[in-house]
Amino acid sequence: MSLFITFEGPEGSGKSTQIGLLATALGEAQRVLVTREPGGTRIGNAIRSLVLDPAHTEMSPRAETLLFNAARAQIVDEIIRPALARGEIVLCDRYADSTLAYQGFGHGQPLGPLRQLAAYATAELTPDLTIFLDIDVVAGLARKRAGAVEEWNRMEEKALAFHENVRRGYLTLAEQSSRWLVIDATLPAATIHQQIMAQVHQRINQGADDEAGNGHYQQ
Ligand SMILES: Nc1ncnc2c1ncn2[C@@H]1O[C@H](COP(=O)(O)OP(=O)(O)OP(=O)(O)O)[C@@H](O)[C@H]1O
Ligand SMILES: [Mg+2]
């Protein structure tokens with residue numbers, strides 16, 4: 001059964017860690033595809049270097065928004081939709097909600113046009129489950145600095161107030177829809193993994209029930 005799960009959260013919140021744990025746990029029984037935004041495709045990776053390059057300090061927030069969405073359109077068409085059509089579980093590190101949080105709440109761009117743009121870029125492909133790893137901004141950045149840094153990019157260079165707005169934005173988005181699971185990212189990684197597994201199993205069982213006709217519409 002296909003399932004589309006996205007991971008969101010501030011820098012250093014543990015997205016890569018949890019995606020790795022979940023992919024390993026689910027991979028025993030099912031085909032799992034792991035990908036990330038921006039990137040995941042040749043075109044997406046070219047956009048990733050352009051948009052995250054710390055040297056590009058002059059980038060306009062609108063140009064930034066459009067580049068993220070261009071990479072998103074490519075990954076949806078080239079990777080995510082085909083994998084879901086094959087019945088795989090797709091785990092994506094960041095997705096359209098990152099644009100609402102970073103370019104919307106972070107840069108203060110109007111949410112209405114951003115939502116329309118995201119709908120266009122994804123051709124309305126919405127995740128089944130979005131896991132938000134919530135952590136205090138300073139703690140997340142400190143964790144990232146202390147760890148083996150995968151990449152230090154233009155987003156991390158932004159002021160603390162920007163990151164605080166991003167976190168507040170995520171929490172606002174999470175309140176608006178039941179597809180979100182908000183997790184305290186300061187808990188031990190193994191505990192977080194258990195919480196995520198419980199929720200994923202629930203969604204898988206729910207999907208199986210729906211497919212068998214025993215779902216929400218049962219009398
Ligand atoms: N639950 C946790 N408790 C303590 N440390 C953690 C936890 N999860 C991850 N870490 C550590 O915090 C650092 C950041 O984790 P990770 O790279 O998974 O975060 P991320 O959200 O993917 O970050 P990025 O924004 O760089 O993509 C790593 O050094 C990782 O080992
Ligand atoms: Mg990561």
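The legends below describe close-up views of a predicted model.

**View 1. The largest nonpolar core and the elements that build it.** This core holds 21 residues, of which Ile5, Phe7, Leu22, Leu91, Ile131, Ile196 and Val200 touch the most other members. Two or more residues each are given by strands S1 (3–8), S3 (89–93), S4 (129–134) and S5 (180–184), and by helices H1 (15–27) and H8 (189–211). Helix H8 makes the largest contribution, with 5 residues. A second core, separate from this one, has 17 residues, including Phe68, Leu100, Ala101 and Met155. In soluble globular proteins, nonpolar side chains tend to be buried together.

**View 2. Surroundings of Ile131.** Residues up to four places away in sequence are not counted here. Ile131 touches Ile5, Thr6, Phe7 and Glu8, and also Leu181, Ile183 and Ile196. In the pairing of strands, Ile131 of S4 stands opposite Phe7.

**View 3. Strand S1 between its two pairing partners.** S1 is largely enclosed by the rest of the structure, because 6 of its 6 residues are buried. Leu3, Ile5 and Phe7 lie on one side of the strand, and Phe4, Thr6 and Glu8 on the other; both faces are covered. S1 pairs with S3 in the parallel sense over 5 bridges, and 4 bridges join S1 to S4, also in a parallel arrangement. Phe7 has a bridge partner in S3, namely Asp93, and Phe7 stands opposite Ile131 in S4.

**View 4. Strand S3 and its pairing with S2.** All residues of S3 are buried, 5 of 5, so the strand is largely enclosed by the rest of the structure. Its two covered faces carry Ile89, Leu91 and Asp93 on one side, and Val90 and Cys92 on the other. Strand S2 (residues 32–36) pairs with S3 in the parallel sense over 5 bridges. Within this pairing, Leu33 has Val90 of S3 as its bridge partner. S3 also pairs with S1 in the parallel sense.

**View 5. Tyr102 in helix H4.** Tyr102 is found in helix H4. The residue is buried, with a relative accessible area of 5%, which places it under the 20% limit for burial. Leaving aside neighbours within four places in sequence, Tyr102 is in contact with Gly9, Pro10, Glu11, Arg94, His107, Met155, Phe162, Val166 and Tyr170. One of these contacts, Met155, belongs to the second nonpolar core. Lys158 lies 56 residues from Tyr102 in sequence, and their C-alpha atoms are 11 Å apart in space.

**View 6. The second largest pocket.** The space in this pocket is about 300 Å³. Its lining has 17 residues, and the closest to the pocket centre are Ala96, Asp97, Leu100, Thr126 and Arg179. Helices H4 (96–106) and H5 (111–122) are the elements that give two or more residues to the lining. The largest share, 4 residues, comes from H5. By class, the lining has 9 nonpolar, 4 polar and 4 charged residues.

**View 7. Gln199 in helix H8.** Gln199 is found in helix H8, the element that gives the largest share of the largest nonpolar core. Gln199 is buried, with a relative accessible area of 16%. Beyond its neighbours within four places in sequence, Gln199 is in contact with Leu129 and Leu181.

Methods
Residues are numbered from 1 along each chain as its sequence is written. Chains are lettered from A and ligands numbered from 1 in the order in which they are written. This is a predicted model: local features need pLDDT of at least 70, side-chain atom pairs count only at pLDDT 80 or more; totals for chains, interfaces and linings use all residues. Side-chain values use heavy atoms; hydrogens and water are left out. A nonpolar core is a set of buried Ala, Val, Leu, Ile, Met, Phe, Trp, Tyr and Cys residues joined through side-chain atoms within 4.5 Å. Buried means under 20% relative accessible area, exposed over 50%, partly exposed in between (1.4 Å probe, protein chains only). Contact means heavy atoms within 4.5 Å. Two strands pair if DSSP finds at least two bridges between them. On a 1 Å grid over the protein atoms alone, a cavity is a set of points where a 1.4 Å probe fits but cannot get out, and a pocket is an open set with protein on both sides within 12 Å along at least five of seven lines; lining residues have an atom within 4 Å of a point. Grid points are joined across faces, edges and corners, and a volume is the space filled by probe spheres set on the points. Ala, Val, Leu, Ile, Met, Phe, Trp, Tyr, Cys and Pro count as nonpolar, Asp, Glu, Lys and Arg as charged, and the others, Gly among them, as polar.
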